[in-house]
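Hi there,

Here is the structure I promised to pass on to you. My notes on it follow below, so have a look at the model and then read on.

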Amino acid sequence: MGQPHRNEKRFYRYPLHRIVAVVDDAPNLGLALADLGAAGYDVSKVNVLSGPQGARLLDPTGVRHGLRGQFLRWRQGYGYETDALGVHADALDNGRHVIYVPVNGDGERQGWPNSLGAAGGHNLLTSRR
């Protein structure tokens, strides 16, 4: 099943085919990943951002990802994504973790938040697609 991708350099879009949650500490992050794995989810598909380095990678303004990134963040400024980006960036700046779990279909979209919530995940953002 592998390991999640940690602080991977990429552009984190919201919430396209993902469930996103804040996890406050490393033990709860480990619990969330273990619960997902025990439920049969391939955790090597999961992305985790952690701490200030994760906040830089999140890039809430899109500046670090050029005009395309800035345009996407500008478009998201008219939706709930802006609030979520702010909450997630603040959590990362304060040493917490943000976990991204890709989902396929309504079954996964409804099932995985329970695993994340049971492990202390909060500020859940669920994919609209």
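**Asparagine 47 and its partner**

Asparagine 47 has its place in strand S3. Is this residue buried or exposed? Asparagine 47 is buried, with a relative accessible area of 6%. Its side chain is joined to that of glutamate 8 by a polar contact of 3.1 Å. Please keep in mind that the model is predicted. Strand S3, which spans residues 47-50, is where confidence is highest, at a mean pLDDT of 95.

**How far to trust the rest**

Over the protein, the mean pLDDT is 79, and 71% of the residues reach 70 or more. Confidence is lowest in helix H5 (residues 105-118), where the mean is 65. Where pLDDT is low, the predicted coordinates should not be read in detail.

**The overall layout**

There are 5 helices and 5 strands in the protein. Along the sequence they come in the order β-β-α-β-α-α-α-β-α-β. Of the 129 residues, 43% count as buried. The accessible surface amounts to about 6600 Å², and carbon and sulfur atoms account for 51% of that. Taking the contacts between residues at least 6 apart in sequence, 82% join residues at least 24 apart.

One pair of residues from distant parts of the chain is leucine 31 and glycine 120: they are 89 residues apart along the chain, yet their C-alpha atoms are separated by 8.8 Å. Leucine 31 lies in helix H1 and counts as partly exposed, at 37% relative accessibility.

**Two nonpolar cores**

The largest nonpolar core has 16 residues, and those that touch the most other members are Leu29, Leu33, Leu36, Val46, Ile99, Val101 and Leu116. Which elements give two or more residues to this core? They are S2, helix H1 (26-38) and strand S4 (97-102). H1 provides the largest share, 4 residues. There is also a second, separate core, made of 14 residues, with Val20, Leu49, Leu92 and Tyr100 among them.

**Asparagine 7**

Asparagine 7 sits in the loop between strand S1 (5-6) and strand S2 (18-23). What caught my eye is its backbone: phi is near 45°, a positive value in a residue other than glycine. For background, most residues other than glycine have a negative phi. Asparagine 7 has a relative accessible area of 18%, which is under the 20% cut-off, so this residue counts as buried. Its side chain reaches the backbone nitrogen of serine 50 at 2.8 Å.

**Helix H2**

Which residues of helix H2 (residues 51-58) are buried? They are Gly51, Gly54, Ala55, Leu57 and Leu58. These residues lie on the same side of H2, because they cover an arc of only 165° around the axis. Just after H2 comes aspartate 59, and here too phi is positive, near 50°.

**Where to look**

If you open the model in your viewer, you could begin with the 3.1 Å polar contact between the side chains of asparagine 47 and glutamate 8. From there, go on to the side chain of asparagine 7 and the backbone nitrogen of serine 50. The buried side of H2 makes a good next stop, with Leu57 and Leu58 among its residues.

Happy to talk it through whenever suits you.

Best wishes

Methods
Residues are numbered from 1 along each chain as its sequence is written. This is a predicted model: local features need pLDDT of at least 70, side-chain atom pairs count only at pLDDT 80 or more; totals for chains, interfaces and linings use all residues. Side-chain values use heavy atoms; hydrogens and water are left out. pLDDT is the predictor's confidence in each residue, from 0 to 100. Buried means under 20% relative accessible area, exposed over 50%, partly exposed in between (1.4 Å probe, protein chains only). The arc is that of the directions from the helix axis to the C-beta atoms. Contact means heavy atoms within 4.5 Å. Accessible areas come from the Shrake-Rupley method with a 1.4 Å probe; for residues, only the protein chains shown count as cover. A nonpolar core is a set of buried Ala, Val, Leu, Ile, Met, Phe, Trp, Tyr and Cys residues joined through side-chain atoms within 4.5 Å. A polar contact is a pair of N or O atoms within 3.5 Å; within protein, one must be able to donate a hydrogen and the other to accept it, and residues adjacent in sequence count only if both atoms are side-chain atoms.
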